Every structure is written in C-alpha cells, then in structure tokens.
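Dear colleague,

Here is the structure I promised to pass on. My notes on it follow below the entry.

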Amino acid sequence: MAEFTFLERDVLRLTGEDRAAFLQGLVSNDMRKVAPERAVFAAFLTPQGKYLHDFHVVALGDAWLIDCEAGRGADLLRRLRLYKLRSKVELAEATADWAVAAIPGEAGRAALALPDEPGAAGPLADGVAHVDARLAALGARALLPKATAKTTLEGLGLAEAGPEAWDRLRLSLGVPDGSRDLVPEKTVLLEANYDSLNAISWDKGCYMGQELTARTRYRGLVKKRLAPVVLDGPAPEPGTPILRDGREAGELRSSRDGIGLALLRLEALEGDSGQLLAGDTPVRPATPAGKAA
C-alpha cells in the first residue's frame with residue numbers, strides 16, 4: 001500500500017496581480033511557469049549568491065502557496081516583504097491552515113494519477129497535489145487544508161507513515177533538506193546540486209544572486225559537492241569533519257539508518273581517493289539511487 005507522511009513545513013500565501021513579476025526578480029527559477037498544472041522549486045539567495053531559503057510554489061485559485069522549511073517561514077516572509085515596494089502583492093503566513101504531505105516514489109504518483117514529470121500538478125480536494133518538482137523519483141507532494149488532509153489522503157487508499165522512509169528516500173537520492181544540509185549565507189547552489197534539482201533557470205534573466213550562480217557554472221568554480229554517503233558505523237553528529245589521511249576532505253550533514261549526505265571535495269568522490277572517516281566512522285561515497293554507477 002502506498003503511504004503518505006505529513007512533513008513539518010511552513011506555508012506562505014502570495015496573492016496579487018504582480019505575484020509572478022515580484023518573485024521573478026528575486027528567486028532562482030522561472031516563476032512564469034507556475035500554473036495550476038505546474039509547481040516550481042526555487043531558491044532565494046543573498047545578493048552575493050549564497051543560499052538563504054528554498055521552497056516549492058504551487059498555484060491554487062487566485063493565490064500561490066509557498067511550501068518552505070519549518071521554523072524559517074517567518075524569516076522568508078520578512079525578507080520577501082523588504083522587496084515588495086509598490087508591487088501589487090500581498091504576503092501572509094498560512095501555516096495554520098495548510099498541511100504538507102509527501103507521498104513517496106512511483107506508488108505515490110500513481111495514487112494521485114500524476115505523470116512521471118517533475119512539477120506536474122493538479123487539484124486534489126480543496127488543495128493541490130504535484131510531482132516533486134526536484135526529482136520525480138521523490139514521488140508526490142500535496143498541500144491540503146489541515147482539517148481534511150488526513151481524510152482526503154486516506155480516501156485515496158493511502159496509509160499514514162512516519163518520516164523515516166521519506167528521509168531515507170531523499171538521502172539515497174542525494175536531495176538536501178534545507179538548512180539541515182545547507183548553511184544559510186554560505187552554501188553555493190551548485191555545491192548542493194541545485195542545478196540537477198530543477199531549481200535554476202539559466203535563461204530567465206537577472207535575479208538576486210544570479211551573477212555568482214552563473215559564474216560558478218560557466219567558469220567551473222565548483223570544488224565541492226553534496227553527495228550521498230554510506231556510514232559504516234554509528235552516525236556522527238551533523239557538521240562532523242570528514243578526514244582523509246588526516247586532512248579535511250569534507251563535512252557530514254544529515255543522516256539516517258546508515259545513509260547520509262556529505263559535502264565532499266571533488267577529489268574525495270573519486271573511487272581511489274583513500275579511506276574517509278567522520279570521527280571513527282568510515283564513510284563511503286555512494287551513487288545516488290536511480291543513477292548508473
């Protein structure tokens with residue numbers, strides 16, 4: 001039986017006729033593509049091109065819902081409001097009204113009758129469901145009114161589950177989870193593979209932080225990448241340095257059940273790079289699930 005997991009997320013509501021133009025100049029993806037049949041994943045950066053927030057944007061009626069990291073929605077709302085100026089938009093907190101659920105994998109997409117296409121969206125009861133806009137292999141997401149979310153999903157034959165399976169899936173695919181895996185005001189998008197997660201439009205024109213993002217790509221400046229790893233022992237704390245021959249080769253980020261994400265120097269990702277250790281735990285770079293070894 002396919003399962004769903006309620007995720008701890010904040011939700012913002014954006015309305016007004018200028019909502020596409022307003023976000024277009026601020027975030028990394030092309031917000032003109034947001035539509036009832038299309039969700040978009042994007043990042044909001046510092047002017048220097050460093051990560052601040054990432055989020056999914058879905059269209060519902062005359063509003064856009066911004067599905068963002070739990071506990072950080074207020075900061076995103078504050079930062080967006082700084083740029084409102086004369087734009088005809090309204091931004092509001094909506095976390096109390098909306099539940100965000102993940103329905104993992106192919107079974108999740110099938111249960112919601114969604115195609116194998118990142119971002120493909122459609123109505124679901126009084127909310128919206130969409131294929132995860134980062135990778136179709138992650139499955140689907142749903143934004144539903146909190147009062148009816150569980151009943152709606154169970155009515156589709158889905159069973160509620162805890163976050164463990166969802167977390168293992170996204171780790172095996174090498175997909176970061178906001179500030180658990182990225183460092184606000186420090187991480188560069190291409191180090192976190194956002195170029196492979198449908199988060200960046202390379203032809204949309206200017207947005208905040210666009211110059212560094214483009215320069216990193218076209219000048220080949222990426223020296224480190226976030227990658228899935230296998231932990232051959234107890235999981236060290238996030239932030240534990242990863243050493244090779246006593247020299248720092250990277251840093252461990254989040255992990256679960258022997259699978260984790262680590263920011264590693266590119267040479268440490270090579271097969272013959274030597275043993276990697278996070279504390280006393282051996283660390284092995286892994287091929288993201290679904291990709292050829």
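Tyr218 has a relative accessibility of 56%, over the 50% cut-off, and therefore counts as exposed. This is a predicted model, and every value in these notes is computed from it.

The search of the whole structure for aromatic pairs returned three. In one of them, Phe4 and Phe6 have ring centres 5.2 Å apart and planes at 75 degrees, so this pair is edge-to-face. Phe4 is buried, at a relative accessible area of 0%, whereas Phe6, at 29%, counts as partly exposed. Tyr218 belongs to another pair, with Trp202; that pair is also edge-to-face, with 6.2 Å from centre to centre and 65 degrees between the planes. Trp202 is in the loop between α5 and α6 (210-218) and Tyr218 is in helix α6, so the pair links distant parts of the chain, 16 residues apart. Trp202 counts as partly exposed, with 29% relative accessibility.

Two arginines sit over aromatic rings. Arg217 lies over the face of Trp202, 4.2 Å from the ring centre. Arg134 lies over the face of Phe41, at 5.4 Å from the ring centre.

Next, strand β9. All five of its five residues (127-131) are buried, so the strand is largely enclosed by the rest of the structure. Both of its faces are covered: Gly127, Ala129 and Val131 are buried on one side, and Val128 and His130 on the other. Strand β9 pairs with β8 (residues 121-124) in the antiparallel sense over four bridges. The hairpin of β8 and β9 has two residues between the strands, and in it Ala125 takes a positive phi near 50 degrees. Four bridges also join β9 to β10 (residues 139-145), again antiparallel.

His130 lies in β9 and has bridge partners in both of these strands: Ala121 stands opposite His130, and in β10 the partner is Arg141. At 0% relative accessibility, His130 counts as buried. Which residues is His130 in contact with, leaving aside its neighbours within four places in sequence? They are Ala39, His56, Val58, Leu114, Gly119, Ala120, Ala121, Ala140 and Arg141.

Helix α2 (residues 73-81) has Gly73, Leu76, Leu77, Arg79 and Leu80 buried. Seen down the axis of α2, these residues fall within an arc of 165 degrees, so they line one face of the helix. The elements that cover them include β2 (9-15), α1 (19-24), β3 (40-45), β4 (51-60), β5 (63-69) and β6 (90-93).

Finally, the barrel. Six strands form a closed barrel in the order β12-β15-β14-β13-β16-β17, with antiparallel pairing. The twist from one strand to the next averages 40 degrees. Within this barrel, β13 (residues 241-244) and β16 (residues 276-278) pair in the antiparallel sense over three bridges, and Ile242 stands opposite Ala278 in β16. Helix α5 (residues 164-172) packs on the sheet and touches β12 (224-231), β14 (247-256) and β15 (259-265). The direction of α5 makes about 150 degrees with that of β14.

Regards

Note on methods: Residues are numbered from 1 along each chain as its sequence is written. This is a predicted model: local features need pLDDT of at least 70, side-chain atom pairs count only at pLDDT 80 or more; totals for chains, interfaces and linings use all residues. Side-chain values use heavy atoms; hydrogens and water are left out. Buried means under 20% relative accessible area, exposed over 50%, partly exposed in between (1.4 Å probe, protein chains only). The arc is that of the directions from the helix axis to the C-beta atoms. Contact means heavy atoms within 4.5 Å. Two strands pair if DSSP finds at least two bridges between them. Axes are lines fitted to C-alpha atoms, for helices over the stretch in contact, and angles run from 0 to 180 degrees between N-to-C directions. Rings of Phe, Tyr and Trp (its six-membered ring) pair if their centres lie within 6.5 Å; planes under 30 degrees apart count as stacked, over 60 as edge-to-face and the rest as tilted. A charge sits over a ring if NZ of Lys or CZ of Arg is within 6 Å of the ring centre and within 35 degrees of the ring normal.
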